[in-house]
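User: Hi! I have a new model open on my screen and would love some company while I look around. Could you walk me through it?

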Amino acid sequence: MCGITGIVSLNRENIGEVLVKCGRKLTYRGYDSVGLAAVHEGKVDLRKDVGTVDAVDKLLGLSKMKGDRGIVQLRWATYGPPTKLNAQPHFACDDSIYGAHNGNIHNYVEYRRELVETGHIVRSENDGELCVHAVDKYYEQTGDMLEAVRLSTRDLKGAFSFAVGRADSREIYAVKMGSSLVAGVGNEETIASSDLPSILPVTNNIIYLADGEMLALSPEKVEVYRIEDGKRLTRKPEPTTIDVHAAEKGGFPHFMLKEINEQPKVAQDVMGVLQGAKSDEWLNIIEESKNLYLVACGSSYNAGVVGAYYFNRLAGIPLVPSIGGQFESMYGRALDEDSLSILVSQSGETKDILNVLNLVKSQGRGKTLGIVNVIGSTLMFNADAYIPMACGYEVSVPATKTYFSQTVIFAYLAAMLGERNGTLDRQEAKSIVRMLSQDLPTQAQATIDHTGILAKNLAKTLIGVKDLYCLGYGMTDGVAREGALKIKEICYNHCEGMYSSEFKHGPLSIVTRDYPVIFVTTPEDSWMVINHINEVKCRFGRAIIVGERESSLEPYVSNEVDYLEVPKGNIVLNPMIDVIPLQLLSYFLSVDLGIDPDLPRNLSKTLTVD
Ligand code: BG6
């Protein structure tokens, strides 16, 4: 959704420069509009407009703004279209108080009406403005900013974080109420932001916050308080190892290509975590549960579908996949104290997932196990246990390495559970773990090296294509869905991912001469998939194969470019390996179409709204 960053310094005179630098790191959280409020000699200079950080900086001189403290906000529009007026930050009734939020205020309509009826001058249609007015309202009553910020949260319903300050005081205050917020202590300055990459340019001394906490930034320190009763909490800064360059492109033209290339290392890193001390805790929480639900959105959901196949194949355990928004109406009443909801979210802030987390916890309907990448996220803090994806920051809006990490986690858990319940013998389980920790990194690297040029050549033949299918079968079901999602997300084509045996039950009618259908195959299932390929070929459709080279499939591709061949592997590794050429295909096609794959239109890396 949106991103906010606030900085309070002792000696900076040009706060705009560092706020723009930090704000730019949040671009993946929204780039409909950006604004900056800087306080200089007791006056607030507030500039904002639609467009990316660089575009608006060029237009309004954001990085030249004077002051020793201020807030920058990047917006992904929900309440109110992306306009200059709805851009953030906002003033309250006058320019004595300024602020910005991330997330959304569910009681926007009624609270806006209440504020207007009580004399507040509310200018925009953006829910973030109400946070600033709420603080103003309680400041009028108490004359104390800390108390005003604390009380303001009582009026605001929803999941949000916000930062607010006054022209006449050097502090900036921020609250964490369901959306992400993290703080840092620098040299004679402090910072708070929606995400860590925005803090790293200033400091790597990090203070993590939990929901229901608020903070007061002053140049020397970050004070943390519990919102409920205003109690001061002690929270020591801890150095993070994630460096600011990790959030840079590292020589690649786009973050997406960098992150695809990081996947071999992700396999090693996440396997290191999985075989660590907490492994038994995670396996126990799963084993003690009677029914397992996998709840996720987007790419995380597709990884969960792959996970369901691993759980069945390696452990004989049913893992019911559900997209976040669907879960309550489809399975909510079936949940009981023996249920385990496995919540997969790289950001740990996806509102559809946090809704399920709150449902399970508030109704005592079993336990929750998070699989999460962003440390310090709401899901991480609030699930009964969590497995870190160990990917480092994923900046590109389309997920790649976090999806990859999730599939490795599912394969590992399934193998360990299979050994525990006897589906696998010890030797089988050990060989799978060895494959994941030793063979997978080299296989993934070989696949990147081998299929890069193949994907690039195939992409060129798809430039004019606006409509296609991507079909999987068995273990590649989730892989095909993910390949289709990548093409939708960053090529703006309609590409539907579905089960290949289902294609003949209706969708096959789309096939005309040369209509492209991608088949994601494994040697184990190609005997079946060949029937589905035939159904397309006998109607002169175009079959594109992704998978190991098989002589039985060669006659079905009209030319070599239609065979995205991956190195020989095995059925456990195939699903993880087969996704790589699809990631690369969508990437190269996106670039060929003149699209920035890192920042596809209308999308955001983290959707903290319903
Ligand atoms: C979407 C992102 O907004 O959220 C996708 O564009 C992502 O890339 C999906 O897969 C789910 O996000 P998360 O953080 O819950 O895994």
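Analyst: Happy to; we can go through the ligand site, the salt bridges and the sheets in turn. Keep in mind that this is a predicted model.

User: Great, ligand first. How many residues surround it, and which are the closest?

Analyst: The ligand has 14 residues around it. The closest are Ser300, Ser345, Gln346, Ser347 and Thr350.

User: What's the mix of nonpolar, polar and charged residues in that shell?

Analyst: The shell around the ligand holds 8 polar residues, 4 nonpolar ones and 2 charged ones.

User: And which helix gives the largest share of the shell?

Analyst: That is helix H9, spanning residues 298-315, which contributes 3 residues.

User: Which polar atoms sit by the ligand's oxygen atoms? I'd like distances.

Analyst: Here are three of them. A ligand oxygen lies 2.7 Å from an N or O atom in the side chain of Ser347. With Gln346 the partner is a polar backbone atom, 2.8 Å from an oxygen of the ligand. Val397 also offers a polar backbone atom, at 3.0 Å from a ligand oxygen.

User: How much of the ligand's accessible area does the protein cover?

Analyst: On its own the ligand has 400 Å² of accessible area, and the protein covers 93% of that.

User: Okay, switching to charges. How many salt bridges does the structure hold?

Analyst: There are 37 salt bridges in the structure. As background, side chains of opposite charge can pair when their charged atoms come close.

User: Let's take a few. What does Lys221 pair with?

Analyst: Lys221 forms a salt bridge with Glu223, and their closest N and O atoms are 3.3 Å apart.

User: Are those two buried or exposed, and why do you call them that?

Analyst: They fall into two classes. Glu223 is buried because its relative accessible area is 16%, and the cut-off for buried is under 20%. Lys221 has 36% relative accessibility, so it counts as partly exposed.

User: And Glu281, which residue does it meet?

Analyst: The side chain of Glu281 meets that of Lys278 in a salt bridge, with 3.2 Å from N to O. Glu281 is partly exposed, at 35% relative accessible area. Lys278 is partly exposed as well, at 42%.

User: What about Asp439?

Analyst: Asp439 has a salt bridge with Arg434, where the closest N and O atoms are 3.3 Å apart. Asp439 counts as partly exposed with 26% relative accessibility, and Arg434 is partly exposed with 37%.

User: Which residues are joined into one network by shared salt-bridge partners?

Analyst: Arg549, Glu554, Glu560 and Glu565 are joined that way, through salt bridges that share partners.

User: Nice. On to the sheets: what's the strand order in the one with 8 strands?

Analyst: The order is S3-S2-S4-S1-S10-S9-S11-S15. The sheet is open and its pairing is antiparallel.

User: Why are S3 and S15 the edges there?

Analyst: Strand S3 (43-50) and strand S15 (238-239) each have a single partner strand, so one side of each has no neighbour in the sheet.

User: How does S15 connect to S11?

Analyst: S11, residues 205-208, is joined to S15 by 2 bridges, and the two strands run antiparallel. Ile206 has Glu238 in S15 as its bridge partner. S11 also pairs with strand S9 (residues 182-185), again in the antiparallel sense, over 3 bridges. In that pairing, Val182 stands opposite Tyr208 in S11.

User: I see Thr5 too. Where does it lie, and is it buried or exposed?

Analyst: Thr5 lies in strand S1, residues 3-9. With a relative accessible area of 0%, Thr5 is buried. The side chain of Thr5 makes a polar contact of 3.0 Å with the side chain of Ser193.

User: Last one: what's the order in the sheet with 7 strands?

Analyst: That open sheet runs S5-S6-S7-S8-S12-S13-S14, with antiparallel pairing. Its edge strands are S5 (90-91) and S14 (232-233), and each pairs on one side only. Within this sheet, strand S12 (residues 213-217) is joined to strand S13 (residues 222-226) by 5 bridges, and the two run antiparallel.

User: Does Glu223 from our salt bridge chat come back there, and what stands opposite Glu223 in S13?

Analyst: Glu223 is in S13, and Ala216 stands opposite Glu223. Glu223 is also the salt-bridge partner of Lys221.

Notes. Residues are numbered from 1 along each chain as its sequence is written. This is a predicted model: local features need pLDDT of at least 70, side-chain atom pairs count only at pLDDT 80 or more; totals for chains, interfaces and linings use all residues. Side-chain values use heavy atoms; hydrogens and water are left out. A residue is near a molecule or strand if one of its heavy atoms lies within 4 Å of it. A polar contact is a pair of N or O atoms within 3.5 Å; within protein, one must be able to donate a hydrogen and the other to accept it, and residues adjacent in sequence count only if both atoms are side-chain atoms. Accessible areas come from the Shrake-Rupley method with a 1.4 Å probe; for residues, only the protein chains shown count as cover. Helices (H or I, at least four residues) and strands (E, at least two) are DSSP runs, numbered from the N terminus. Ala, Val, Leu, Ile, Met, Phe, Trp, Tyr, Cys and Pro count as nonpolar, Asp, Glu, Lys and Arg as charged, and the others, Gly among them, as polar. A salt bridge is a side-chain nitrogen of Lys or Arg within 4 Å of a carboxyl oxygen of Asp or Glu. Buried means under 20% relative accessible area, exposed over 50%, partly exposed in between (1.4 Å probe, protein chains only). Two strands pair if DSSP finds at least two bridges between them.
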